Amino acid sequence: MLQSLPLALLISTALISHANATFIQGSSSPTRKCNKSTTRLLKIRRHYRRESITVRTLHRHRQQVMMIMQQTNSNHNDCSTTTEYVPLSSGVVMEVISAKATNGQASGKQGNNTNNKPPLLFIHGSLHAAWCWEENYLPHFAGLGYDSVAISLRGTGGTPAVSGEKRIKMETHVADLHAFLKYYFGSPSGTDIAASQQQQQQRHKPIVIAHSFGGMLAMKYLEEFASQDTLIGGVALLCSVPPSGN
């Protein structure tokens, strides 16, 4: 687009010069005067000049944005994600995408980092899955020293619904979330925790970062287990659906 602008300006200038050389018939002296088409061409030329300035400005801004993105990506390149499928006591095999803290302040073991930072658990909204957090959020926070985990709720992404399920109720999602928290972050005495994970417990409870429907699920979980020692250390809600629904 930048290369085409000078050519457009040259063409419009040539047309204006040709139109200006046209004599207005019937006048006492031949006078060069812009007719309507010339006026339109002048407007076109002014428009392209403005567009040229705008495009140059946008191009300069784009270069600045690309530099910032390259710096961010260089940090992300140090953070790789891992996908695993976790069988839960609630009867579902849950897709889990995680990124370990990579700034040298963590041990690399989930739930046993040494940087005094809590792990982060990301819960997606409707029509999404754990993949929506994978490209930017997980590497970003892992680069800041947080072990980061994203889950796909039952019936989304790589977490299939149980055979015969056509509609998944909120209480089912709450049960799945509770089973996952026990498996991944819970106390060693929990029945869902494998022997290999019993030594990885637990300096901090996870902070849940939930979007849209995931926010409603987080609030429903807290509502359900308010009277118990919840396995969540905190909640950040992004455009969350209220507990009463839409």
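This is a short chat about the core, strands and aromatic rings of a predicted model.

Q: Before we start, what kind of model is this, and how are residues numbered?
A: The model is predicted, so to speak of local features we need pLDDT of at least 70, and side-chain atom pairs count only at pLDDT 80 or more, while totals for chains, interfaces and linings use all residues. Residues are numbered from 1 along each chain as its sequence is written, and side-chain values use heavy atoms, with hydrogens and water left out.

Q: OK, which residues touch the most other members of the largest nonpolar core?
A: Leu121, Ile123, Ile151 and Phe180, out of 30 residues in that core. A nonpolar core here is a set of buried Ala, Val, Leu, Ile, Met, Phe, Trp, Tyr and Cys residues joined through side-chain atoms within 4.5 Å. Buried means under 20% relative accessible area, exposed over 50%, and partly exposed in between, with a 1.4 Å probe and protein chains only.

Q: And which elements give two or more residues to this core?
A: Strands E2 (93-99), E3 (120-123), E4 (148-151) and E5 (207-211), plus helices H5 (170-185) and H6 (213-224). H5 gives the largest share, nine residues. Helices (H or I, at least four residues) and strands (E, at least two) are DSSP runs numbered from the N terminus.

Q: Let's look at E4. Which way do its residues point?
A: Ser148 and Ala150 point one way, Val149 and Ile151 the other, and all are buried. In a regular strand the side chains alternate between the two faces of the sheet.

Q: How does E4 pair with E2, parallel or antiparallel?
A: Antiparallel, over four bridges; strands pair if DSSP finds at least two bridges between them. One partnership puts alanine 99 with serine 148 in E4.

Q: And how many bridges join E3 to E4?
A: Four, and those strands run parallel. Leucine 121 stands opposite valine 149 there.

Q: Switching to aromatics, how many pairs are there?
A: Nine. Rings of Phe, Tyr and Trp (its six-membered ring) pair if their centres lie within 6.5 Å; planes under 30 degrees apart count as stacked, over 60 as edge-to-face and the rest as tilted.

Q: Why is the pair of phenylalanine 180 and tyrosine 184 called stacked?
A: Because their ring centres are 5.1 Å apart and their planes sit at 20°. The two are four residues apart in helix H5, so about one helical turn separates them.

Q: What does tyrosine 184 form with phenylalanine 185?
A: An edge-to-face pair, 5.3 Å centre to centre with 65° between the planes. Tyrosine 184 counts as buried because its relative accessibility is 6%.
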